Amino acid sequence: MSKELRTIKKTWHDALKPDPRMSLVDWSNQKRKLPQASSPEPGNWRTSRTPYLAEIMEALSPSSAVNGVVFQKGTQLGGTEVAYNLAGYCVDYSPSPIMLVMPTVDTAKRISKQRLDPMIELMPCLRSRIADRRSRDSSNTILQKDFPGGTLIITGANSAVGLRSMPAKILIFDEVDGFPVDVDGEGSPIKLAERRSSNFLNSKSYKISTPTIKGRSAIESAYEDPRASQEKYHVPCPHCSCMQPITWKQMRWEKTKLKTGKILVRDAWFECAECREPIGEKHKTWMLASGVWVANNPDADGTIRSFHLSSLYSPVGWMSWKECVEEWFDAQGDPKKLKVFVNTILGETWEEAEGEGIEIEGISGMGEDYDGMHRHLPKGALLLTMFVDVQKDRLEGEIVAHGEGEESWGMEYFISMGDPNVVDGDDSPWNTVRDRLERKWSNGEIGPIQIACTGVDSGSFTAAVYDFVRPLQSRRVYATKGSSTPGQPLLKRGRAKRGAVTLVMIGTEGAKDLVVSRLKIAQEGPGFCHFPANYPVEYFEQITSEHAVQSYHRGKSVRKWKLKPGQKRNEALDLRVGNLVALRLLGDVDWEALKRRASKSRNKGSAKQKQSVKKRDSFVSGWKRGNGF
């Protein structure tokens, strides 16, 4: 028999062999090694460490009739390692063509180098079947690793060529909510890849991701598929044995508010929904080991099993309940952080209404009985900021007072008519701004204070703005410029390319998220916005003039703030955004120190007051004279 015939016979014989009996769980426990560089617990894999993963891996084993497995999850749960377990299992024990799809080709290359190559190097059973990349064997490249009986392709969801490069029996989709909606005009990357497995009997797909926006989340859509089981992990109460999922609404904690206003979480526990007894984290290991997955969809057809797990299930030593609660408190008042908490800790989608915004009727703090124009500070106000918006024939500005927890009071909204190019002289509109910088505000509780920080928009009339702020930077007067690129930080300090001035870049999309969310706060306290009765109705029309709309750019969902139909002006919203940034430019404000300093200033003579005003930097951390940073 010729060599070619023997090869054909062996290939045919291998293809007819029944699937192996060793499950993915057994193989992982016996052979999987976790690399030192990428694992918090390097060494032998132990499913007992994450017992909730056992059922997921059993569903991915060849002996299971399940074709699709979906895992919607939080962080610190070990779910991604299951993907690497599955890839290693197929290379070593159940040879199959495999495709691992990451959000982008660049991400695929990074995962190959940082996760897959170290795993192969560490495990003899894989190293013996995949050629060493250092041997320059073309069968082992960054994005393709050949082995007897199969091939592992690693590609990005943004590459249609990679997705249709070869048929695959095993499909692994990691972080699917980061996938583009459309790839190269050929439609969904998931659908494109799944077509490559349609000819295989008992093919498997594993979709895994933290979710993103409700209604646009690919992982939530897969989890809620009418054919999917929609399972939650139930654990027993150590006191009454009641089986229940670990949910955020049952979390309890003990906290202390520090003088700085920050929250210190001293302890956190889970309260049983049945007996109301507190369950400490010391019980978590036993609870996880005793847990079971409970399906919530009676109409599931058995072909798809979908699982949901939050980071509240993270094993002891990874992410604690106390850390989860700390992240929740840290996110209060910041929609961006709160979204991250909901997505990555709770493993849930963030509900974001299309056209999200606020109407005038929704502002709680309108028309209050105080008069900021006459330099009288409302009770609770401790420092002042100002922001100036530059228009072609005028300057518009707002002075805002701030208190503990970033509670705010609108003090004065002003318009100064004139040509912004005229920086000096009697006809200069900038004289109004200079006048406000020299003013002092006070009340019966707080001595005279001046504006602590000012921002001036330099998006237009740039040279004039630089000329105005240059001599005033020692007084914390800065040029700013807005950036509408999604994902930008609230502020980024730098230097202007010309003009020798500090330039502060403002992430306007995130800043507007935060401002509008605070306008919706109904109860006085942290984040609440107060407005005096003498503010004109035009101000409120402008501050509510925009809404957040969703669109798609190059296949990716993009959320931006745009003017509502019929609206033409938004200066008031820009002024509030600028004042928020001016406050944040001061760094970590010690509100208690501010109150103490104000009290001392009130009780001292005028000479002492002047000296105290000169030493105005003591309440701000990290302040350096001159450049402000």
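Is cysteine 240 buried, exposed or partly exposed? Select cysteine 240 in this predicted model, and look in the loop that runs between strand 9 (231–236) and strand 10 (243–245); at 30% relative accessibility, cysteine 240 counts as partly exposed, because that class takes in what falls between the 20% limit for buried and the 50% limit for exposed.

**Around cysteine 240**

Keep cysteine 240 selected and add Cys272, Glu274 and Cys275, which cysteine 240 touches when residues up to four places away in sequence are not counted. For one of these partners a distance can be displayed: cysteine 240 and glutamate 274 stand 7.8 Å apart in space, C-alpha to C-alpha, although 34 residues apart in sequence.

From there, move to the side chains of glutamate 271 and arginine 276, which meet in a salt bridge with an N to O distance of 3.4 Å. Colouring by accessibility separates the two partners, since glutamate 271 is buried at a relative accessible area of 16%, whereas arginine 276 is partly exposed at 48%.

**The whole chain**

Zoom out before going further, so that the next selections have a setting. The chain's secondary structure comes to 19 helices and 26 strands, and of its 629 residues, 51% are buried. If contacts are drawn between residues at least 6 apart in sequence, 69% of them join residues at least 24 apart.

**Helix 2 and helix 4**

Next select helix 2 (residues 24–31) together with helix 4 (residues 79–92), which pack at an angle of about 90° with their axes 10 Å apart. That angle makes helix 2 roughly perpendicular to helix 4. To see the contact itself, show Leu24, Trp27, Ser28 and Lys31 on helix 2, and Asn85, Leu86, Gly88, Tyr89 and Asp92 on helix 4. Coloured by residue class, the contact of helix 2 with helix 4 divides into four nonpolar, three polar and two charged residues.

**Helix 11 and helix 12**

Now go to helix 11 (residues 321–331) and display Trp321, Cys324, Val325, Phe329 and Ala331, which are buried. Viewed down the axis, these residues cover an arc of only 165°, which puts them on the same side of helix 11. Their surroundings can be selected element by element: the buried residues of helix 11 pack against strand 11 (251–257), strand 12 (263–271), strand 13 (278–279), helix 10 (284–289) and helix 12 (335–345).

Continue to helix 12, where the buried residues are Pro335, Phe341, Val342, Asn343 and Ile345. These buried residues pack against helix 11, helix 15 and strand 3 (68–73). After helix 12 comes glycine 347, and a check of its backbone torsions shows a positive phi, near 65°.

**Salt bridges**

The structure holds 35 salt bridges, and two further pairs are worth selecting in turn. What are the accessibilities of the partners, and how far apart in sequence do they lie?

Take arginine 569 and glutamate 396 to begin with, whose side chains meet in a salt bridge at 2.5 Å, N to O. Arginine 569 lies in the loop between strand 26 (556–563) and helix 17 (571–585), while glutamate 396 lies in strand 18 (residues 394–402), so the pair ties together parts that are 173 residues apart in sequence. Arginine 569 counts as partly exposed at 33% relative accessibility, whereas glutamate 396 is buried at 0%. Widening the selection to Asp393, Arg394, Glu396, Arg569 and Glu571 brings up a network of linked salt bridges.

Then select glutamate 546 and lysine 512, whose side chains form a salt bridge at 3.0 Å, N to O. Glutamate 546 sits in strand 25 (residues 546–553) and lysine 512 in helix 15 (residues 508–519), so that distant parts of the chain, 34 residues apart, are linked by the pair. Here glutamate 546 is buried, with a relative accessible area of 5%, and lysine 512 counts as buried too, at 7%.

**Last stop: threonine 480**

Finish in strand 21 (residues 477–483), where threonine 480 has its place. Threonine 480 is buried, with a relative accessible area of 2%. Leaving aside its neighbours within four places in sequence, show the residues in contact with threonine 480, which are Phe387, Gly455, Val456, Asp457, Ser458, Gly459, Leu503, Val504 and Ile506.

Note on methods
Residues are numbered from 1 along each chain as its sequence is written. This is a predicted model: local features need pLDDT of at least 70, side-chain atom pairs count only at pLDDT 80 or more; totals for chains, interfaces and linings use all residues. Side-chain values use heavy atoms; hydrogens and water are left out. Axes are lines fitted to C-alpha atoms, for helices over the stretch in contact, and angles run from 0 to 180 degrees between N-to-C directions. Helices (H or I, at least four residues) and strands (E, at least two) are DSSP runs, numbered from the N terminus. Angles under 35 degrees count as roughly parallel, over 145 as roughly antiparallel, 65 to 115 as roughly perpendicular and the rest as oblique. Contact means heavy atoms within 4.5 Å. Ala, Val, Leu, Ile, Met, Phe, Trp, Tyr, Cys and Pro count as nonpolar, Asp, Glu, Lys and Arg as charged, and the others, Gly among them, as polar. Buried means under 20% relative accessible area, exposed over 50%, partly exposed in between (1.4 Å probe, protein chains only). The arc is that of the directions from the helix axis to the C-beta atoms. A salt bridge is a side-chain nitrogen of Lys or Arg within 4 Å of a carboxyl oxygen of Asp or Glu.
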